[in-house]
Amino acid sequence: MTSKVTVEEANAFLTKAFNSSQNRSEVILMEDGHAIMRLKAGPEHLRPGGYISGPTQMTMADSVTYMAIFTRLGITPMTVTSNLNINFLRPCIGEAVIAEAKLMKLGKTLAVAEVEIRAEGSDKVASHGIVTYSIPAAN
């Protein structure tokens with residue numbers, strides 16, 4: 001099965017929906033139940049010592065899950081976060097952060113994804129999350 005949304009469509013949606021002309025994040029992969037995003041870290045994303053901040057990593061976990069859901073449902077803007085649990089395993093230090101989500105479950109009302117966050121170029125997971133989204137009722 002292929003994604004219902006292309007990388008280009010996903011990035012165009014994010015730019016338009018979130019007025020993100022200044023946004024440094026981009027979708028780089030959309031496959032069935034699987035999405036990857038990249039964020040070029042700016043000073044606003046860093047803690048002292050060059051660590052990519054926890055809130056930045058949480059934002060990426062949330063955003064990449066949104067995209068993973070779109071691979072199955074198509075662009076569904078009112079799909080919203082209902083829970084985000086993240087464990088910070090080690091410092092995330094780098095010029096960019098990569099977030100990868102894989103859907104674990106897609107039901108009628110909830111979607112659950114596992115997310116791994118890494119500094120670009122690292123094979124070590126910096127944080128691991130489980131994100132749950134509420135899916136809007138079909139009209």
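Here is a short conversation about a predicted model and how its sheet, helices and core fit together.

Student: Let's start with the sheet: what is the order of its 6 strands?

Tutor: Happy to. The sheet is open, and its strands pair in the antiparallel sense. The twist averages 20° from one strand to the next. Reading across the sheet, the order is 1-2-6-7-8-5.

Student: Which strands stand at the edges, and why does each have one side without a neighbour in the sheet?

Tutor: A strand at the edge has a single partner strand, so one of its sides is left without a neighbour in the sheet. The order 1-2-6-7-8-5 shows which two these are. They are strand 1 and strand 5 (80–88).

Student: Over how many bridges do strand 5 and strand 8 pair?

Tutor: One example is Val80, whose bridge partner in strand 8 is Ser134. The pairing of strand 5 and strand 8 is antiparallel, and the number of bridges is 8.

Student: Nice. Is Ser127 buried or exposed?

Tutor: Ser127 lies in strand 8. Its contacts beyond the sequence neighbourhood include Ile86, Phe88, Val115 and Ile117, and its side chain makes a polar contact of 2.8 Å with the side chain of Gln57. The cut-off for buried is under 20% relative accessible area. Because Ser127 has 0% relative accessibility, it counts as buried.

Student: Which element supplies the largest share of the largest nonpolar core?

Tutor: That core has 33 residues, and Met30 and Met67 have the most contacts inside it. Met30 and Met67 are also in contact with each other. Several elements supply at least two residues each, including helix 1 (7–17), strand 1 (25–31) and strand 8 (127–134). The largest share, 8 residues, comes from helix 2.

Student: At about what angle does helix 2 run to strand 2?

Tutor: Helix 2 (54–73) has 20 residues and reaches 29 Å, close to the 28 Å expected. It lies across strand 1, strand 2, strand 5, strand 6, strand 7 and strand 8. Its angle to strand 2 is about 145°.

Student: One last residue: is Lys4 buried or exposed?

Tutor: Lys4 sits in the segment before helix 1. Its C-alpha is 5.0 Å from that of Thr71, which is 67 residues away along the chain, and a polar atom of its side chain lies 3.4 Å from the backbone oxygen of Arg72. Gly74, which takes a positive phi of about 80° just after helix 2, is among the residues Lys4 contacts. Because its relative accessibility is 53%, Lys4 counts as exposed.

Technical notes: Residues are numbered from 1 along each chain as its sequence is written. This is a predicted model: local features need pLDDT of at least 70, side-chain atom pairs count only at pLDDT 80 or more; totals for chains, interfaces and linings use all residues. Side-chain values use heavy atoms; hydrogens and water are left out. Helices (H or I, at least four residues) and strands (E, at least two) are DSSP runs, numbered from the N terminus. Buried means under 20% relative accessible area, exposed over 50%, partly exposed in between (1.4 Å probe, protein chains only). Contact means heavy atoms within 4.5 Å. A polar contact is a pair of N or O atoms within 3.5 Å; within protein, one must be able to donate a hydrogen and the other to accept it, and residues adjacent in sequence count only if both atoms are side-chain atoms. A nonpolar core is a set of buried Ala, Val, Leu, Ile, Met, Phe, Trp, Tyr and Cys residues joined through side-chain atoms within 4.5 Å. The expected span of a helix is 1.5 Å times one less than its number of residues. Two strands pair if DSSP finds at least two bridges between them. Axes are lines fitted to C-alpha atoms, for helices over the stretch in contact, and angles run from 0 to 180 degrees between N-to-C directions. Lists of a residue's contacts leave out its neighbours within four places in sequence.
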